[in-house]
Amino acid sequence: MSEQLALPAGGQQRESHVLNLGTLLLGGAGAMVFGGLLAAYLQLRGVADRWPPEDVHLDNYLGVMLFLTAVLSAVTVEWAPYAIKRGNQRQTLWALTLTIGLGLAFLNLLWYTASQLGFGVADHAFGTLVYAAILAIGVQMVLGLGYVLVALVRTGGHQVVPGDHQLVRAAGWYWQWVNVCWLVAFTGFYVLQNR
Amino acid sequence: MTLTQAPPGQAGAEPPASAAPAPATILTAADHKTVGRLYIAASLLFLLVAGVVGMLLRVELAEEGVKVVGDDFARLFSLHSTVAPILFLAPFWTGLATVIVPLQIGAPNVAFPRLQATTFWLYVVGGVLVIGAYAVDTPNGAGLALSSPFSGRGNAATDVWIMGLLLVSVASVLAAGVLLTTIVKLRAPGMTLLRAPLFTWSVFATSAVVLLATPVFIAGLLLLYLDQHFGGTFFAAATTGSSEVWQHMLWLYGRPEVFLLALPGLGAACDIVVTAARGPLPGRGPVRLEARVALVLFAFLSLGAWAADAPARDAVVLPTVTAFTGLVIVPVGILALLWLGAGRDIRRFHFPLLHVAGALLLVAIAVINVIVAAVKDVDGGTAWATGHLHVAFFGAPLVLAIGAVHHWAPKLVGRRLSTGLGALELVLVVLGVGIMGLASYLLGYDGAPWHVADLAGKGSWQNLERLAAAGGALLTAGVLLFVANLMMGGRGKAVEDNPVGGVTLEWATTSPPPPWNFEQVAPVRSETPLAEAAS
């Protein structure tokens, strides 16, 4: 019987990444939602006589500001696990707080962008797609904010410590998924809008 | 000495010291067994709704000119075809998997118990909204049964219908993520993925496809909501290319979905045969991959069949996906051969084996009719499709679902169900599905259309419709008997921990299992650990 006491080396290792895997799967599902919208975009763009429709012009300034905000938050959200791994709780709290601030700024700018588009949801298929993308990114960003906020509160309560910081790591991964989604939308609607 | 499965600090675990469970209310329940039972109960309630509506439609069709449902045939047909697969079979398997998978892999709970409980409530609220939408009015476009795009400002029912489906879809994606994470991360020491039981494998494959396909449908629903609520032109016929968008988004979800209704059933059938044979299914080498490959292949092919009959313009992939659809029968055939191969090891009768046989009979009827339809060049838009949907994609999975409940009843409800009632319900369900299906097949061969309230055609059509209604009545009686058996069968009789001689891990715990599932789990050394322990 004694040899049965030996546990496979992977046993405990598996347990420690439950949240990471769950987050990756959730992020993957979110990416598939966005993939569906991307497929609709490519299909409509491919067959449209004119794309985007006449009199539609997206303000590159707002798009670039959203892009820069997302890039900045990508840096701060990576700073958090880097700091907690080194036992620096103060820096971790700063990193997460900054990420939340940038996330709120992103949402605010996204809302403003939607209000300045100059066309409505129902005006044309392009409009429906743009608003759908904004809605999808907005919802994912709100979920990401909630995730990072939980990480912030738990870090502040000393529940996240070096070696047991998968909450901060997982929240960061989810945040990056949302950023990737925005990057795809930015490329499709802004960078390629007149090509 | 063995490993305790509920060490302090382990995700989702409750230490045995605090074994007495708090009297959790239904609203706050987070134990996987409670959540799973709630899923099963709710799905059976939705089946009741779908069944009652289905019978009303059958009675309407049975007599020409009779108006049982007034002018609401299209509305009720849409409700029936939406509720039965989306609100009954798929959530039923989610519920069964939520109860059984952690037990099969030696885990104390699912990976994210509260999230799984949340998915249940999302599903219930979404389901009520979907049915409520039909109570208000007919959703624009008549629902999921039609893959044509619909445009223009929708009514209130359309908004509610889309919201309901969104909630149900989000619930199914999250539940799939929870189950997949549970299987990958919470297996007992020594239980490699290849040693996991076959029902767990089928849930693994099903969850993976749901995670890939259902989010695309969510994107489609989002576009549809914006289009319908704001009166847009996205899905208008004049908008070039958008019709294909909806068709593909709907069918990328819908096609795998109909196959995934059967996949957990195939896994359950494998475990039923393994239990009866008291050993693994036949296979080559120390790692028997055949059954596992067949289950994964079935899932892969179901995803590949996503646009099989969507009338998408310029769909260059059409021949490919049609081939994928036809190939789906290959893994089913492999599994059937493996079950037959294990038959020589069966030394004692295990009641749910009859359900496996009943499901195979229905699959055989469906396959024969596919061949006949191909030879006779039957149009897919006839009553033939009604028969095929009921035999292959509802009847066979339903029989396997009932068999799975009989098999795992000691773990699900802490007792064995009555086999006398069980035999009667099995006969009624198989006979009912068979008669209803055959009548519809014959109507289809004769060119009778589907989706119509009255068949104004040949006189023989009316007789076949009456036969189909009789089949529907038998099916309804069988399902009601099953529900009664599940609620009351075997009450008051003590049940052993392993009354069926099971060889997988779920039979190593008590019936019903304690809140923490296992006092101890010895390191797993094979895919049938209890058989190994006995020898």
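In the predicted model, ring pairs join six residues of chain A into an aromatic cluster. The members are Y41(A), W51(A), F119(A), F126(A), Y131(A) and F189(A). Over all chains, the structure holds 27 aromatic pairs. One of them is formed by F67(A) and F186(A). The two rings are stacked, with 5.0 Å from centre to centre and 15° between the planes. This pair links distant parts of the chain. F67(A) sits in helix α3 (residues 60-85) of chain A, and F186(A) sits in helix α6 (residues 166-191) of chain A. The partners are 119 residues apart. Their burial was also computed. F67(A) is partly exposed, because its relative accessibility is 26%. F186(A) has a relative accessible area of 10% and is therefore buried.

A stacked pair is also found in chain B, between Y39(B) and Y123(B). Here the centres are 5.4 Å apart and the planes differ by 15°. Y39(B) belongs to helix α1 (residues 32-62) of chain B, and Y123(B) to helix α3 (residues 113-136) of chain B, so the pair ties together parts 84 residues apart in sequence. Y39(B) and Y123(B) are both buried.

The cluster residue W51(A) also takes part in an unusual backbone link. General expectations come first. Most peptide bonds are trans, and most residues other than glycine have a negative phi. The bond from W51(A) to P52(A) is cis, with omega near -5°. P52(A) is located in the loop between α2 and α3 of chain A. Chain B has a cis peptide bond between S511(B) and P512(B), with omega about -5°. P512(B) falls in the loop between α14 (459-488) and α15 (529-534) of chain B.

Positive phi values were found in both chains. H158(A) is not a glycine, yet its phi is positive, at about 60°. H158(A) lies in the loop between α5 (125-156) and α6 of chain A. With a relative accessibility of 56%, H158(A) counts as exposed. In chain B, D377(B) has a positive phi near 55°, again in a residue other than glycine. The loop between α11 (353-376) and α12 (383-412) of chain B contains D377(B). D377(B) is exposed, because its relative accessible area is 68%.

Chain A also brings together G35(A) and C181(A), which are 146 residues apart in sequence. Their C-alpha atoms are 8.8 Å apart in space. G35(A) is part of helix α2 (residues 18-47) of chain A. At a relative accessible area of 30%, G35(A) is partly exposed.

Chain B contains 15 helices and zero strands. Of its 535 residues, 59% count as buried. Among the contacts in chain B between residues at least 6 apart in sequence, 82% join residues at least 24 apart.

Two helix packings in chain B were examined in detail. Two packed helices are described by the angle between their axes and the distance between the axes. Helix α2 (residues 73-105) of chain B packs against helix α5 (residues 198-229) of chain B at an angle of about 130°. Their axes are 9 Å apart. The angle makes α2(B) oblique to α5(B). The crossing of α2(B) past α5(B) is left-handed. On the α2(B) side, the contact uses W93(B), L96(B), A97(B), I100(B), V101(B), Q104(B) and I105(B). On the α5(B) side, the partners are F199(B), T200(B) and V203(B). By class, the residues of this contact comprise eight nonpolar, two polar and no charged.

In the second packing, helix α7 (residues 263-277) of chain B meets helix α10 (residues 329-342) of chain B. Their axes come within 10 Å and cross at roughly 10°. That angle makes α7(B) roughly parallel to α10(B). From α7(B), the contact draws on L266(B), A269(B), C270(B), V273(B) and A277(B). From α10(B), V332(B), L335(B), W339(B) and A342(B) take part. The contact of α7(B) with α10(B) has nine nonpolar, no polar and no charged residues.

Conventions: Residues numbered from 1 in each chain as written. Chains lettered and ligands numbered in written order. Predicted model: local features only at pLDDT ≥ 70, side-chain atom pairs only at ≥ 80, totals over all residues. Heavy atoms only, no water. Axes fitted to C-alpha atoms, helices over the stretch in contact; angles between N-to-C directions. Helix = DSSP H or I, 4+ residues; strand = E, 2+ residues; numbered from the N terminus. Parallel < 35°, antiparallel > 145°, perpendicular 65-115°, else oblique. Left-handed = near helix turned anticlockwise from the far one by under 90°. Contact = heavy atoms within 4.5 Å. Nonpolar A, V, L, I, M, F, W, Y, C, P; charged D, E, K, R; others polar. Phe/Tyr/Trp six-rings, centres within 6.5 Å; stacked < 30°, edge-to-face > 60°. Buried < 20%, exposed > 50% of the residue type's maximum accessible area, 1.4 Å probe, protein only.
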